[in-house]
Amino acid sequence: MAAELKIQHETDNPFHIARQQLREACEALNLDLSVYEILKEPARVYTVSIPVKMDSGEIKTFIGYRVQHTDATGPAKGGIRFHPDVTLDEVKALSMWMTMKCNLVGLPYGGGKGGVVCNPKRLSKGELERLSRGYIRAIVDVIGPDKDIPAPDVYTNPQIMAWMMDEYSKLVGRYSPGVITGKPLSAGGSLGRSEATARGCVFTIREAAKCLNLDLGNARAIIQGFGNAGCTSSRLLSELGVTIVGVSDSQGAIYNPDGIDPIALAKYKAETGSVKGFPGCQQVDGDALLEMPCDILVPAALENVITGSNAPRIQARIIAEAANGPTTPEADEILHKRGVMVIPDILANAGGVTVSYFEWVQNLQNFYWTADEVMQRLEYMITQAFNKTYAMSQEKNVPTRLAANMVSLERIAQAMADRGWLN
Ligand code: NAD
């Protein structure tokens, strides 16, 4: 997806925000100060240069990063982002959020993240393959099925994962599908991976609706972003009886209080390239859409879209963060005071990494599961994580984001203590 957002203020620095969230969770749990001291910096940060032979015959060097936040609870796990605006601080923040996400769901991983500063839209397929293979050659010694297991993220996809797995396997001299997840089925991928993020998100919405006594059969939803996460979430929500009243993408936004058929809309977008102009709908401004009448709002596009300025006017009772980092800390405070239930990103979009974990388990065992097995296990793990988060927020009377971080951090701190890191 297009992370058009630019960091404008020092306070928007995602690494500072991630650290602040970590600190708040440590304080709320009254944890040993050493826990914060150890986790506030990633354990390992690698910066690599990747020379790539371009189609013109010239060599161009790209900069890549791989950050392993902690291995307190297992090998590092997290995606690789290809984007012109990738910065080291962004990758460090994302690696810390991966630590929190994996431990919230109870996965045996620490957090990791990678990024390459590049514009994949301007690379030919051959250049993209050479860049992907070059990145793996540069980090081959620090990744592996029991060290650090990457996955797709913004502008990387199953094809790129297959090239990376192939390069790693050649370099280590054995077929190693467990080094990376999000692969195509033919290269050791898992059934259900492509829908996993949206399925997880919709499981959390279903549970949140129960807590609020919201009847999904009478509920209306607005979805920002109609890509992998947004498009599938709208279809799954409508299968639960929710009326989809608004949808946006990077080119426009549409609203129809009588409902939008997500399957017809997906077909329309595939034909025209956008949701804009979908028949029977009002064309509205993308920012204004977030404030229109609905019960459930699913930001599934960019960072920092729910801010101090629009949070007071958001009408939804539930905000399910399919996207990473859509709500600013200022907006969080306002929403909490207004009683809006925010399902934080580390919970709402954890379905993706959960099925990545299933893929890795299947690769290590060389034994593959049915789609039903994947879905049942996903439902169980996400529902558990939701219930623990909700119980923590009720018991300690804290916002759900802090509660999710507290649930996660309790598990990490226990592992650190048991391993003797805090003595
Ligand atoms: P995607 O590229 O498939 O879709 C992104 C969508 O956002 C596109 O429809 C795009 O048009 C839209 N968009 C871009 N700018 C917009 C704007 N200004 N207003 C409205 N819409 C806009 O990406 P995706 O995989 O669906 O990821 C979306 C978010 O979910 C990201 O934050 C990503 O990190 C997060 N996420 C995705 C997964 C996954 O498995 N796909 C897992 C975890 C988190």
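Here is a short dialogue about reading helices, sheets and single residues in this structure.

Q: What kind of model is this, and how are the residues numbered?

A: This is a predicted model, in which local features need pLDDT of at least 70, side-chain atom pairs count only at pLDDT 80 or more, and totals for chains, interfaces and linings use all residues. Residues are numbered from 1 along each chain as its sequence is written, and side-chain values use heavy atoms, with hydrogens and water left out.

Q: How many strands form the open sheet that contains β1, and in what order?

A: Let's begin with the general idea. Strands of a sheet pair through backbone hydrogen bonds, either parallel or antiparallel. Strands here are DSSP runs of E with at least two residues, while helices are runs of H or I with at least four residues, all numbered from the N terminus. Two strands count as paired if DSSP finds at least two bridges between them. In this case, 5 strands form an open sheet with mixed pairing, in the order β1-β2-β4-β3-β5. The edges are β1 (44-53) and β5 (148-152); each has a single partner strand, so one side of each is left without a neighbour in the sheet. On average, neighbouring strands of this sheet are turned by 25° against each other, direction ignored.

Q: In which sense do β2 and β4 pair?

A: Strand β2 (residues 59-68) and strand β4 (residues 110-117) pair in the antiparallel sense, over 5 bridges. To find one of the bridges, look at tyrosine 65, whose bridge partner in β4 is glycine 115.

Q: Which strands does α3 lie across?

A: Helix α3 lies across β1, β2, β3 (76-83) and β4, and runs at about 150° to β4. Such angles run from 0 to 180 degrees between N-to-C directions, and the axes are lines fitted to C-alpha atoms, for helices over the stretch in contact.

Q: At what angle do α3 and α14 cross?

A: The axes of α3 (residues 88-105) and α14 (residues 400-418) come within 8 Å and cross at roughly 85°. That makes α3 roughly perpendicular to α14. As a guide, angles under 35 degrees count as roughly parallel, over 145 as roughly antiparallel, 65 to 115 as roughly perpendicular and the rest as oblique. In contact terms (heavy atoms within 4.5 Å), Thr99, Met100, Cys102, Asn103 and Leu104 in α3 meet residues of α14 including Ala404, Val407 and Ile412. By class, this contact has 7 nonpolar, 4 polar and 1 charged residues. Here Ala, Val, Leu, Ile, Met, Phe, Trp, Tyr, Cys and Pro count as nonpolar, Asp, Glu, Lys and Arg as charged, and the others, Gly among them, as polar.

Q: And how do α6 and α7 cross?

A: The axes of α6 (residues 196-212) and α7 (residues 228-239) also come within 8 Å, crossing at roughly 45°. That makes α6 oblique to α7. On the α6 side the contact includes Arg199 and Val202, and on the α7 side it includes Thr232 and Leu236. By class, the contact of α6 with α7 has 7 nonpolar, 3 polar and 1 charged residues.

Q: What is the strand order in the sheet with β7?

A: Its 7 strands form an open sheet in the order β9-β8-β7-β6-β10-β11-β12, with mixed pairing. At the edges stand β9 (282-284) and β12 (341-343), each with a single partner strand, so one side of each is left without a neighbour in the sheet. Strand β6 (residues 220-224) and β7 pair in the parallel sense over 5 bridges, and arginine 220 stands opposite threonine 243 in β7. Strand β8 (residues 252-255) and β9 run antiparallel, joined by 3 bridges.

Q: Is β7 mostly covered or left open?

A: Strand β7 (residues 243-249) is mostly covered, with 6 of its 7 residues buried. Buried means under 20% relative accessible area, exposed over 50%, and partly exposed in between (1.4 Å probe, protein chains only).

Q: Is methionine 165 buried or exposed?

A: Methionine 165, found in helix α5 (residues 158-172), counts as buried at 6% relative accessibility. Leaving aside neighbours within four places in sequence, its contacts include Tyr175, Pro177 and Ile180.

Q: Which of the two, asparagine 304 or asparagine 366, is exposed?

A: Asparagine 366 counts as exposed, at 64% relative accessibility, whereas asparagine 304 is buried at 18%. Asparagine 366 lies in the loop between α12 (351-365) and α13 (371-396), and asparagine 304 in the loop between β10 (296-299) and β11 (318-320). Neither is a glycine, yet phi is positive, about 50° for asparagine 304 and about 55° for asparagine 366.
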